[in-house]
Amino acid sequence: MAGMIEDYAVIGDLETAALVSRDGSIDWLCLPRFDSPACFASLLGKAENGCWRISPADRRPCNRREYRGDTLVLDSFWESVSGAVKVTDFMPPRAQFPYIVRIVEGLAGSVAMSGELRPRFNHGRIVPWMRSTGTFTVAVAGPDSVWLSTDQRVEVRSTDECTSFDFTLSAGQRIAFLLTWTPSHLPVPLSVDPKTALVDTVEFWERWAAKCRYRGPWREAVMRSLITLKALTYAPTGGIVAAVTTSLPECIGGERNWDYRFCWLRDSTLTLSCLLRSGFREEAVAWRDWLLRAIAGEPADLQTLYGVAGQRLLPEAPARWLPGYEGSEPVRFGNAAVDQFQLDVYGEVLDTLFVALRSGVAMEGHVWSLVDSFMSYLERHWREPDQGLWEVRGPRRHFVHSKIMCWVAADRALRIAHMAGRNTSVARWRAMRQQVYEQVCRDGWDDDHGSFVQYYGADTLDSSALLIPRLGFLPARDPRVLSTVEAMGTLDHRGFQRRYADTGDGVHTVDGMRGSEGAFLACSLWLADALAITGRSHDARAVFERVLDVRNDVGLLSEQWDPVSGRQLGNTPQAFTHLALVNTAFALQEAAAGRKPSVTGLRSV
């Protein structure tokens, strides 16, 4: 049975990533890349759906674990009266094929160890043909093969279902296990020296982390979040996936289970801002370039998400053979949100291009054509209802956040035009910006709540309104902003922020789904931002540190937190949460220094 979501640490090679549990089992891994079918899927089912465990023979969880400094190298420690052992897990940055290296080292006394390798290709469904070649144990099915080897002699037993091994380690002894994936038609993969691979991997991450510019009081949390974001990056294209996993539930036993192994456009501005201000310009430019390639084409064909290579076809289908995490069904692969109409993404894209240009990233001529075509499309369609930021599966509505992002699109297009010396369309765009502003202030405001609401005519609130001052739609000290921030207390869930009102176990009237969900961690961080921007720095810091307190033992956060059960919920590790964490840390630092946030300080155009 899978552990709790917070039991998992992540290792990766910048093309895919694995989740390692406290009991030494790798329960999730897609090969050869993030959005490939999983070969270890016990996270969403049972051991029979694929895993790779190395642990003491009694199979107890480790006593402690930690990442080795500012790296993605994981050290797990088991200690008992008979002895102590350490397992070091990592994936070297990829040269050709992915490798997982697991080095087991005796620290004291003597410890009996055991292991099981159960590869299951095609998302935990296909039991491969397993055989031994003397040097390798190889598992093959269809286009996939994985190869297991060791640098010491270990007795390996293979059946159709499982490869298992037992060994005993004394202090000073070590054994390295290597697992690599190759296309099944290729010959034996090249060997990797585990000692050299460990040294090279540590050096790679330390060199990368040394570029970080954050020097504030939460450096450890910020650095771990940045390393996690780097781990979620698909290096060949620069795309950043929303999470490593699919279908980890937002409500245990419920149906709110989604595939997050893709790249979302609405993360784009947050991502670019986070990377640039943290000192990672190369990654920021790579992300912008991925974005431009992915969205090329007609504005009407813009999607809210794309595959890591920019692919558009991501059909959603249930995996009936997987019972789901703690029985949470259905397990989904692919994401139907790819076909939704979401106005906010146009604003996100144009905001991203503006932030890049303002930061000195050159704007090629074809980018201006894209800006112009996006605005021509929005001028015709901004008045339409959409499915909004939260990708609701209920009816389309006039979501306030979507309209504000149309205002952002016009505002940033005007700023780009000003910086690029283009003025052919600015009168129309300025008129559109004013029209959207007037409509939102008239139809999106509710006097009874003293707040902007979720959608026109609603009597419910939405935490996305906390973004209003950061987006520059209204000044931070505008009475409507101050009142909206105060009204967001109605979405408080034991000290954390919900996205919108919870309606219990029935079908939600807005999102169309059954069941409740936890508090959305990014929304709690938006609250901290809004509090800091509006002069409530002490309250902002308290909210921020409350989120830091629910990180797991190695500093990772999923999408949501259930303050009732004290558990993380949703896919993990979650880029949106870690991006928000980094940007909030910078916002609090700016507030402490008396500096205005970069967007709210924009001059009029």
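This report covers the nonpolar cores, the salt bridges and some strand pairings of a predicted model.

**Nonpolar cores**

The largest nonpolar core holds 190 residues. Within this core, the residues with the most contacts are W28, W52, F177 and L226. Helix α8 (residues 400-420) supplies the largest share of the core, 12 residues. A separate core lies apart from it and has 11 residues, including A242, W258, Y260 and A337.

F177 can be followed in detail. Leaving aside residues up to four places away in sequence, F177 touches W52, I54, I100, V101, R102, V104, L148, S149, T150, V154, F165 and F167. One of these partners, W52, is also listed with F177 among the residues with the most contacts inside the largest core.

**Salt bridges**

Side chains of opposite charge can pair when their charged atoms come close. Over the whole structure, 42 salt bridges are found. Three of them are set out below, with the distance given for N to O.

| Acidic residue | Basic residue | N to O distance |
|---|---|---|
| D344 | R266 | 3.0 Å |
| E326 | R567 | 2.8 Å |
| D539 | R536 | 3.2 Å |

The bridge between D344 and R266 links distant parts of the chain, with the two positions 78 residues apart in sequence. D344 belongs to helix α6 (residues 344-358), whereas R266 sits in the loop between β18 (263-264) and α4 (268-278). D344 has 0% relative accessibility and so counts as buried. R266 is also buried, because its relative accessible area is 6%, and the cut-off for buried is under 20%.

The bridge between R567 and E326 ties together parts that are 241 residues apart in sequence, because R567 lies in strand β28 (residues 567-569) and E326 in the loop between β20 (317-318) and β21 (332-333). R567 counts as buried because its relative accessibility is 13%. E326, at 33% relative accessibility, is partly exposed.

How accessible are D539 and R536, buried or partly exposed? D539 has a relative accessible area of 32% and is therefore partly exposed. R536 is partly exposed as well, at 32% relative accessibility. Elsewhere, D351, D411, R412, R415 and R433 are joined into one network by salt bridges that share partners.

**Strand pairings**

Strand β28, which holds R567, is part of an open sheet of 3 strands in the order β26-β27-β28, with antiparallel pairing. β26 (519-520) and β28 are the edge strands of this sheet, each pairing on one side only. Strand β27 (residues 560-562) is joined to β28 by 3 bridges, and the two run antiparallel. Within this pairing, Q560 has L569 in β28 as its bridge partner.

Strand β14 (residues 163-170) pairs with strand β9 (residues 99-118) through 8 bridges, again in the antiparallel sense. Here L117 stands opposite T163 of β14. β14 also pairs with strand β13 (residues 156-158), antiparallel and over 3 bridges. In that pairing, T163 in β14 is the bridge partner of S158. T163 thus appears opposite L117 and as partner of S158. β13 and β14 form a hairpin, with 4 residues between the two strands.

How values were computed: Residues are numbered from 1 along each chain as its sequence is written. This is a predicted model: local features need pLDDT of at least 70, side-chain atom pairs count only at pLDDT 80 or more; totals for chains, interfaces and linings use all residues. Side-chain values use heavy atoms; hydrogens and water are left out. A nonpolar core is a set of buried Ala, Val, Leu, Ile, Met, Phe, Trp, Tyr and Cys residues joined through side-chain atoms within 4.5 Å. Buried means under 20% relative accessible area, exposed over 50%, partly exposed in between (1.4 Å probe, protein chains only). Contact means heavy atoms within 4.5 Å. A salt bridge is a side-chain nitrogen of Lys or Arg within 4 Å of a carboxyl oxygen of Asp or Glu. Two strands pair if DSSP finds at least two bridges between them.
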